[in-house]
Amino acid sequence: MSLDPVQLDLSKSADSQEKFRTKRLVAWETAPFIFYVAALIGGFIALRGTKMIDAPARVEVMSALGLILLLGAVILLAGWKIRKLKQDNDYRRAILVSVLEGQPGGHLITDAKARTIYANTKFQKALNNSTSMSVSELPLYTTSGNDEASDNLQEFIEQAKSGLGGEMVFPFSRAGFFGWYRLAVRPIESWRGYTHWQLEDISGSYEDSQRLGRERVRLIEFLDHAPVGFFSVDEQGTFIFTNDTFVSWLGAEDKDLGNGSFHLHDVLIDVPANIEPYDILPTPQDAPVQRGEIKMRAFDGREFQAAVSHTILRGTDGTVRTRSIIRDLTPERAWKTALKQSEDRFQRFFEEAPLGIALVDSRGKITECNDAFAAMLNKPLHELLGAELLSLVKETSRAKAENVFGRIRGGLKPESAIEIELNTGPDKSVITQMFASPFMGENGVVLHFINVTERKNLEAQFTQSQKMQAVGQLAGGIAHDFNNLLTAMIGFCDLLLMRHRPGDSSFADIMQIKQNANRAANLVRQLLAFSRQQTLQPKVMDVTDVITDVSHLLRRLIGAGIDLKINHERDLGLVKVDQGQMEQVLVNLAVNARDAMGHGGVLTIKTRNFINKKTIAMVGTDEMPPGEWVAIDVGDTGTGIPPEVVARIFDPFFSTKPLGAGTGLGLSTVYGIIRQSNGYVGVETTVGRGTTFSIYMPRAEEVAAVKIVAPTIEKVEDLTGSSRILLVEDEDAVRAFSVRALQNKGYEVFEASSGDNALELVAEKKPKIDLMVSDVMMPGMDGIELGKRIRETYPDLSIIFMSGYTEDKFKDDMGPGIHFLAKPFTLKQLAEKVKEVLDGEK
């Protein structure tokens, strides 16, 4: 939009416009001469025409003609002047428009009613080329989406419309670009109500100024909060600059040190004589820098020692300015004192710490260690200094230690703690927890060692006991179920034998079934013995006799491809063992040796006396105390046992044999029997050469007398009766056999399949009961709880508990009138027990 109603072609160059203007000026300058010439010619023609009229008329005509000519000349001259003035104004306006278009910002001129008189191209773009081209639309096209900026800009525009000048900076966003505008408003002088608006994109300079301002603020904050003090004084020693740190040291937070009333020497103690007001130390004249320590006094009376670097700048006019850096030495000296005390405490802690500490350099060598670490390794302290730490680590733990050192040197966070074994002597080691961390200030590592050998032994013992407890629970559960089955098998065999006497064709078959059931019962008893739920019957004996008795069985077990060699030492001591269990131990070890010698070999059993004066570490966590022992070595020439497997060979159910080739209970049974007999088991093995198991049994101090018991002749008794018996058994087969057995003896039997069923029967029929026979382990209510509930109704009722466990398991639950019958039992045993209890009540 232009001030000139005539639209100028601004696309033409300035030279072409100047030529155009010159042509127009020449034309308008020559126009009056042409007009005057034309007027003279016309006047001459008119004058010659007046000769034909009379003189008065000619005078009038000539006067009128002259007047017309004069008036025309005046009009023509005035029009020419007006036209010339307008063209000059057009030219000046064109120059002004060109200037405004070429300005770096947008320009807008409004009248008293805020109507737009002129807007250059840049301002038009800011208004998005709006048709109204109103300055009131500026917030719409620049600050859309920013309500706060839009409101501030609108308020500024309204103030400018009222005639107030000023400028403001506001953000704008357009086509994804964010920037800053500066809007300047100035009233136009001598044009009341007219306003010049200038809009400038200052995004670059604004960001630079903001960044410079932030840097200036940061610099001021750095100076004010630097850990050293800065100050400057003039030639009179008057403070002209101090940072906040120095002000706080002087305790002058409430004072304005730069107001001209505070001087440098006011805060100095012992000011040297004959120095200038701006000096702090006596130095040669004109020395540019003064350095040293001075004593200063704060305004609150606190005195402190300070180190200062005082640079003096002298002007040619005699002015002086200093640039001074000062450091309060009080904290530093307090730190030194505290550091010395800390070092002393650390040294005491290092030397007296109950855990081992070692400092290792970048080469992996020990540079320092404490007495606890030396004692842990059972070595003198001086032998450890300079030694490579990894040489002290057991080979199996070396990779873990190297990994920790590598992580620390690589800048990675080490693990919280690792377990490693340290060598303490030939075939001896100690288990430790190692904590590692980088050593500050050096490319080394500090290590802390906690001896956890005893704890690991206790953990292993606890784990082993838990395993054995689990095995015992499993064995007990199996024994319970097996005994139920065997009770039914043996019982029904007894019922069949009542109808099939010797000589009957079925008698032999029934006896075979019963005998095999009895063999199965013996196996169950061994299982209970393995789980330590059966009492051993140890006797003092010579292990030579035990080995001789079992040697024939061993030869059959190992086969013809393996030689059996037995060597006994003379004057071998006696031991106190259960012969059957010891035979089981030898059988298990022989079978293990046979399996390790698949292609034949030699099995050697050797006995010897053994005395140790020091504790000896055995397999696992066991330690054999000093004493006298009888040793049995069982060695083979088989494949040997890998080192990583040795620690687990006595674990229940652990086996290296193929699936189905072993139960994993052989060696654990050996371990359980020997440990229950107060003995120990050791093992020595070499892969590819063979394995030797050594059994150490305590030497018996005296020989116990052997009692010979003469066999007794079984008496035939009357096992019949007529009492009323409540029989509770969840196993249908056992219950059916027991009911028939007791009914055959004349008893009246009330049967129940569970504890709840028994209580319902009693509550419903209220029978007279003389005896209750009940299983112990039943679903839901067990036999013990049932006995307590039944006795609420029948307080004096005798009870016989049946179970696959040994009687010892129920000692805590047995009292007056409580009896026990072990499963499996025969018909006769059941009848005898019932008769015994009922007769005992009479």
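Does S774 count as buried or exposed, and at what relative accessibility?

1. The model under review is predicted, and the opening question can be settled directly. S774 counts as buried, with a relative accessibility of 0%. This serine belongs to strand 27, which covers residues 771–775. Leaving aside residues up to four places away in sequence, the contacts of S774 are V728, G783, L786, I800, F801 and M802.

2. As for the overall content of the chain, there are 22 helices and 29 strands. Of the 842 residues in the chain, 38% are buried. When contacts between residues at least 6 apart in sequence are considered, 56% of them join residues that are at least 24 apart.

3. One helix pair that deserves attention is formed by helix 20, residues 755–765, and helix 21, residues 783–793, which pack with their axes 10 Å apart and at an angle of about 10 degrees. Because angles under 35 degrees count as roughly parallel, helix 20 and helix 21 are roughly parallel to each other. Helix 20 contributes G755, A758, L759 and V762 to the contact, while helix 21 contributes L786, R789, I790 and T793. Sorted by class, the residues of this contact are five nonpolar, two polar and one charged. L786 of helix 21 also appears among the residues touched by S774, as noted in the opening point.

4. A second pair consists of helix 19, residues 732–744, and helix 22, residues 827–840, whose axes are 10 Å apart and meet at an angle of about 60 degrees. That angle makes helix 19 oblique to helix 22, and the crossing of helix 19 past helix 22 is right-handed. On the side of helix 19 the contact is made by F737, S738, A741 and L742, and on the side of helix 22 by L827, L830 and V834. The residues of this contact comprise six nonpolar and one polar, with no charged residue.

5. Helix 19 also holds V734, which counts as buried at 1% relative accessibility. V734 and A488 are 246 residues apart along the chain, yet their C-alpha atoms are separated by 4.9 Å. With residues up to four places away in sequence not counted, V734 touches N484, T487, A488 and E729, so that A488 is among its contacts by the criterion of heavy atoms within 4.5 Å.

6. I418 is placed in strand 13, which covers residues 418–425, and is buried, with a relative accessible area of 10%. Not counting residues up to four places away in sequence, the residues that I418 touches are K400, A401, V404, T432, Q433 and M434. The C-alpha atoms of I418 and F449 lie 9.9 Å apart in space, with the two positions 31 residues apart in sequence numbering; F449 is not listed among the residues that I418 touches.

7. On the cysteines, the structure holds zero disulfides. A disulfide is a covalent bond between the sulfur atoms of two cysteines. Among the cysteines, C369 is buried, with a relative accessible area of 5%, and C493 is likewise buried, with a relative accessible area of 4%.

8. Some backbone details merit a careful look, beginning with the peptide bond that joins K823 and P824, which is cis, with omega at about -5 degrees. P824 lies in the loop that runs between strand 29, residues 818–822, and helix 22. Helix 22 is also the partner of helix 19 in the oblique packing described above.

9. Positive phi values deserve a separate remark. N274 is not a glycine, although its phi is positive, at about 60 degrees. The loop that holds N274 lies between helix 7, residues 244–249, and strand 8, residues 289–297, and N274 is exposed, with a relative accessible area of 84%. D571, also a residue other than glycine, has a positive phi near 55 degrees. D571 is found in the loop between strand 17, residues 562–568, and strand 18, residues 575–577, and is exposed, with a relative accessible area of 71%.

Terms used
Residues are numbered from 1 along each chain as its sequence is written. This is a predicted model: local features need pLDDT of at least 70, side-chain atom pairs count only at pLDDT 80 or more; totals for chains, interfaces and linings use all residues. Side-chain values use heavy atoms; hydrogens and water are left out. Axes are lines fitted to C-alpha atoms, for helices over the stretch in contact, and angles run from 0 to 180 degrees between N-to-C directions. Helices (H or I, at least four residues) and strands (E, at least two) are DSSP runs, numbered from the N terminus. Angles under 35 degrees count as roughly parallel, over 145 as roughly antiparallel, 65 to 115 as roughly perpendicular and the rest as oblique. A crossing is left-handed if the near helix is turned anticlockwise from the far one by less than a right angle, and right-handed if clockwise. Ala, Val, Leu, Ile, Met, Phe, Trp, Tyr, Cys and Pro count as nonpolar, Asp, Glu, Lys and Arg as charged, and the others, Gly among them, as polar. A disulfide is a pair of cysteine sulfur atoms within 2.5 Å. Buried means under 20% relative accessible area, exposed over 50%, partly exposed in between (1.4 Å probe, protein chains only).
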